[in-house]
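Me: Could you take a close look at one part of this structure, namely its aromatic rings, and set that part in the context of the chain? I would like the cut-offs stated along the way.

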Amino acid sequence: MTAHTLPDLATFTDEAVAWLQSVAPPRTESVWGSGSDSVAVFENWTAEQEREHTDEISRYEKLKFDAGWGALNWPTEYGGRDLPLSYVLAFRRAEEAFDIPRRTEMFSVTQQLVAPTIAQWGTEDQKARYVRALLRTDLIACQLFSETEAGSDLAAVRTKAVQKPNDRWQIDGHKVWTSGASVSDFGVAVCRTDPAAAKHAGLTVFLVPMDASGVAIRPIRQMTGGSSFNEVYLDTVTLDDTYRLGPVGKGWQVALTVLAAERLDGGNLGLANADQAVALAQNLGRELSEIERDKVADLVTRSYLQRVSNMRVAGAVVAGNNPGPEASLGKLLATDTMARTSEVARLLLGRDLTADPGRWGSFAWSEHVLGAPGYKIAGGTDEIQHNIIAERVLGLPREPRP
């Protein structure tokens, strides 16, 4: 196959299925009461379990990459096949029928957020060093964006990077809500390099090795009982200029590249747990009340609406368009689905949600109910998504930046 010859999509899909059959068993229909009943939004793993799961997923991703299925829409120079996004979507649909390791957030961050950003903004040396390694998951990356007083207002970050002699930088600051910090090789850090400039103009991005001297990772205990997120302290972290990503003062533009990719990746959030809540209603062992039936039907309807929205986002991307408002709508629908899933679980289970009855598929929902509200903040707050829709769809004026 030449770089300009596309395989027939049906033939491509058949070949993908044949390869998947060679590496993974088919995913059988789940039987109620068997296997794990976890519906956690944020995993409640120990550090050892997080490392174990990360390594398991990475082994599959390496296998997939080496067989030519891992970077389908990337140029051949990065190990890809230069195929349109429609082929990526076809492969993902084929994957759904097989029992492969379920990707955690770190893998979408690494392969779909950070790798494209380095490919766009990196030097030739950085592209050669990082992009293929990220796509193959030889390296895992995290985002060092949010701070205690700079969440949705990313441009308000106060972590500072000061240029020193001999092309070196000293970074000092504190980042929060960092997923996967303990299993990451490096973090993409937004830092303030010019405190005198307008806040959007005085930022620069750095690739910070997570094992560098001065980097300290502290888990944040959540009300679910787990520690999916971390604080990362940067205390006199010294890096040479080869770790700078993009021009000095252009950190806002680099960060926007990451954020745009992040919003495209959130449309499927919550759907699997919504389906599990419907299965709960079907296996409750009693007749549902009229109110319960109404709430379950509403959840089914809204989850289908979310799936239709996801198809619109995929269609826009395949057509070469930037689905900003569509992606924002998908994120809002996802957080709404999560909230309504929690409501259905509370209604169906009552006290069994908070007092463990020892029955499969009941008390496990407590982690969903406690974790789901977090996604109103994660990946761009609901308020940010509303603003995007207001500006780009409704044409409302944008609030001027200081």
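Reply: What follows starts with the chain as a whole, turns to the aromatic rings, and ends with a few single residues.

This is a predicted model, in which local features need pLDDT of at least 70 and side-chain atom pairs count only at pLDDT 80 or more, while totals for chains, interfaces and linings use all residues. Residues are numbered from 1 along each chain as its sequence is written, and side-chain values use heavy atoms, with hydrogens and water left out.

The secondary structure of the chain amounts to 11 helices and eight strands, where helices (H or I, at least four residues) and strands (E, at least two) are DSSP runs numbered from the N terminus. For 402 residues a compact globule would have a radius of gyration near 21 Å, and the value for the chain, 22 Å, agrees with this; the radius is taken over C-alpha atoms, and the globule rule is 2.2 Å times the number of residues to the power 0.38. Along the principal axes, the C-alpha atoms fill a box of roughly 75 × 50 × 50 Å. Of the 402 residues, 46% count as buried, which means under 20% relative accessible area, with exposed meaning over 50% and partly exposed in between (1.4 Å probe, protein chains only). Among contacts (heavy atoms within 4.5 Å) between residues at least 6 apart in sequence, 72% join residues at least 24 apart.

Now to the rings themselves. A pair of aromatic rings is described by the distance of the centres and the angle of the planes. Rings of Phe, Tyr and Trp (its six-membered ring) pair if their centres lie within 6.5 Å, and planes under 30 degrees apart count as stacked, over 60 as edge-to-face and the rest as tilted. A search of the whole structure on these terms finds 12 aromatic pairs. In one of them, the rings of Trp19 and Tyr60 have centres 6.3 Å apart and planes at 40°, so the pair is tilted. Because Trp19 lies in helix α1 (residues 9-23) and Tyr60 in helix α2 (residues 47-66), this pair ties together parts that are 41 residues apart in sequence. Both partners are buried, Trp19 with a relative accessible area of 13% and Tyr60 with one of 7%.

Trp19 also forms a tilted aromatic pair with Phe91, at 6.5 Å centre to centre and with 40° between the planes. This second pair links distant parts of the chain, since Trp19 is in helix α1 and Phe91 in helix α3 (residues 85-95), 72 residues apart. Phe91 is buried, as is Trp19. Both pairs belong to a wider group, for Phe12, Trp19, Tyr60, Trp69, Tyr87 and Phe91 form one aromatic cluster.

Two threonines can be set beside this picture. Thr11 lies in helix α1 and, at 37% relative accessibility, counts as partly exposed; its C-alpha atom is 19 Å from that of Phe98, although the two residues are 87 apart in sequence. Thr137, in the loop between α5 (124-136) and β1 (141-144), is buried, with a relative accessible area of 2%. Leaving aside neighbours within four places in sequence, Thr137 is in contact with Ser58, Glu61, Lys62, Phe107 and Gln111.
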